[in-house]
Amino acid sequence: MTTEQFRFGIVAGYAPDLASWTAQARRIEELGLDTMLATDPVGGLDPLTLVPAAAAVTSRLTVGTFVLADPFRDARQLAWQVDSLHRATGGRFELGLGVGHPGAGAQAAALGREFAAPAERVARLADTLDLLRESPSRPRLLLAAAGRRMLRLAARTADTVTFAWSPRTTEEQADSIVDTLRAEAGGRDLELAVNLVAIGAVPSPQLAKFTGIDVPQLIEEKAVTVLPSDPSAAADTLARWRQRWGISYVTVNSGYAATLAEIAAGLPARG
C-alpha cells in the first residue's frame, strides 16, 4: 500500500442553491484542503450537475463524487460525463463509485433503474469500471468497500480505496478489513482512505438519529471513525494509522471543514 503524503477532503451533501454550493467550494479551497466531493444525491440534486460549478469557481481544488451509485446511471453515458469532467477541469476531477446503500432502491426506481441484489450490483459495477478503464486518459477512481466482494473489486481496479466500515469499527476490526484488501491487492499500489463520521467529542444528534449511536459513545468504544479535534493528538493518530494501515487520505462532512483544515495545517512536518 502507498505511503504518500496526506490528502484531506470534504464530503458535501447539501446545496440549497448554486450560490451556497459555489461559496462552499471557495471556502474549502481557501482553507487549504485538497478535495470537495459530492454525495449522491446532494439534497435531492444530481451531483454531476453540481461538481462542474465547484470546479469553475476554484483553481486548485480537486472535485469529485463520494460516491456515485452505479445502479442510478447508464455506464456509457457515465463514461462520457466522466471523460468530459476530466478534460474540462484539466484533471481536477476524481470519480468515486459504489453499488448504492441498501436504502437506495427507491431512488433507483424513481429513475427507472433496476436495483438488483448486492452480488449483481457488484458485478454490474465491475462492468462499468472495465468500460471506464478503457480510456488511456481517465480520472482517478475511488471505490468505497467493506465486504469481500467489493474489497476484491477495489483491490483490482481502484486507484483509491475508502473503507466503508461501520461507525463502531475498532482498530482490531479494521486490521482484518485492511488485511483482506492487502491480500486481494497482491502488492498492487493503492491509496487508502478513511471517511470520518466526526472530529472531536461534541455530540451529533443527526449521527445518533441515523446510526443509533452518538460521538461520545464511539470515542468510548475506541472507534476509528472519530478523530480527536486537538491538532497534535489528531496528527499522532493519523501518523499511527498511516504506519499501521497505510491510510493517507482523510475525508469528513462539511461541518468539520475548519477543524480538518487546522489538523491538516499541522501535518507537513510529519510528511
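Where is the place of Pro-41 in this chain? Select Pro-41 in this predicted model, and you will find the residue in the loop between strand 2 (35–38) and helix 2 (47–56).

**The loop at Pro-41**

With Pro-41 still selected, extend the selection back to Asp-40, because the two residues are joined by a cis peptide bond whose omega is about 0°. Most peptide bonds are trans. Pro-41 has a relative accessible area of 30%, and is therefore classed as partly exposed, the class between the 20% and 50% cut-offs. For a sense of distance, add Arg-182 to the selection: Pro-41 and Arg-182 are 141 residues apart along the chain, and their C-alpha atoms are separated by 31 Å.

**A second cis bond**

Move next to Phe-66 and Val-67, which are also joined by a cis peptide bond, here with omega at about -20°. Val-67 is in the loop between strand 3 (62–65) and strand 4 (68–69).

**Helix 3 against helix 5**

Two packed helices are described by the angle between their axes and the distance between the axes. Select helix 3 (residues 75–88) together with helix 5 (residues 118–132), whose axes come within 10 Å and cross at roughly 40°; the two helices are therefore oblique to each other. Their crossing is right-handed. To display the contact, show Ala-75, Arg-76, Leu-78, Ala-79 and Val-82 on helix 3, and Arg-124, Thr-128, Leu-131 and Leu-132 on helix 5. Coloured by residue class, the residues of this contact between helix 3 and helix 5 divide into six nonpolar, one polar and two charged.

**Helix 6 against helix 7**

Now turn to helix 6 (residues 148–157) and helix 7 (residues 171–185), for which the axes come within 8 Å and cross at roughly 45°, an angle that makes helix 6 oblique to helix 7. Helix 6 passes helix 7 in a right-handed crossing. The residues to display are Arg-148, Leu-151, Arg-152 and Ala-155 from helix 6, with Ile-177, Thr-180, Leu-181, Glu-184 and Ala-185 from helix 7. In this contact of helix 6 with helix 7, five residues are nonpolar, one is polar and three are charged.

**Thr-160 and Glu-191**

Select Thr-160, which is found in strand 7 (residues 160–163). Is Thr-160 buried or exposed? Thr-160 counts as buried, because its relative accessibility is 0%, and the cut-off for that class is under 20%. The side chain of Thr-160 makes a polar contact, at 2.9 Å, with the side chain of Arg-140. Leaving aside residues up to four places away in sequence, Thr-160 touches Arg-7, Arg-140, Leu-141, Leu-142, Leu-143, Glu-191, Ala-193 and Tyr-249.

From that list, select Glu-191, which lies in strand 8 (residues 191–195). With a relative accessibility of 2%, Glu-191 counts as buried. Its side chain makes a polar contact with the side chain of Arg-7 at 2.8 Å, and both Glu-191 and Arg-7 are among the residues that Thr-160 touches.

**Lys-222**

Finish at Lys-222, in the loop between helix 9 (215–220) and strand 10 (226–227). Which value does phi take at Lys-222? Phi of Lys-222 is near 60°, a positive value in a residue other than glycine. Most residues other than glycine have a negative phi. With a relative accessibility of 63%, Lys-222 counts as exposed.

Technical notes: Residues numbered from 1 in each chain as written. Predicted model: local features only at pLDDT ≥ 70, side-chain atom pairs only at ≥ 80, totals over all residues. Heavy atoms only, no water. Helix = DSSP H or I, 4+ residues; strand = E, 2+ residues; numbered from the N terminus. Buried < 20%, exposed > 50% of the residue type's maximum accessible area, 1.4 Å probe, protein only. Polar contact = N/O pair within 3.5 Å; in protein donor to acceptor, adjacent residues only side chain to side chain. Contact = heavy atoms within 4.5 Å. Axes fitted to C-alpha atoms, helices over the stretch in contact; angles between N-to-C directions. Parallel < 35°, antiparallel > 145°, perpendicular 65-115°, else oblique. Left-handed = near helix turned anticlockwise from the far one by under 90°. Nonpolar A, V, L, I, M, F, W, Y, C, P; charged D, E, K, R; others polar.
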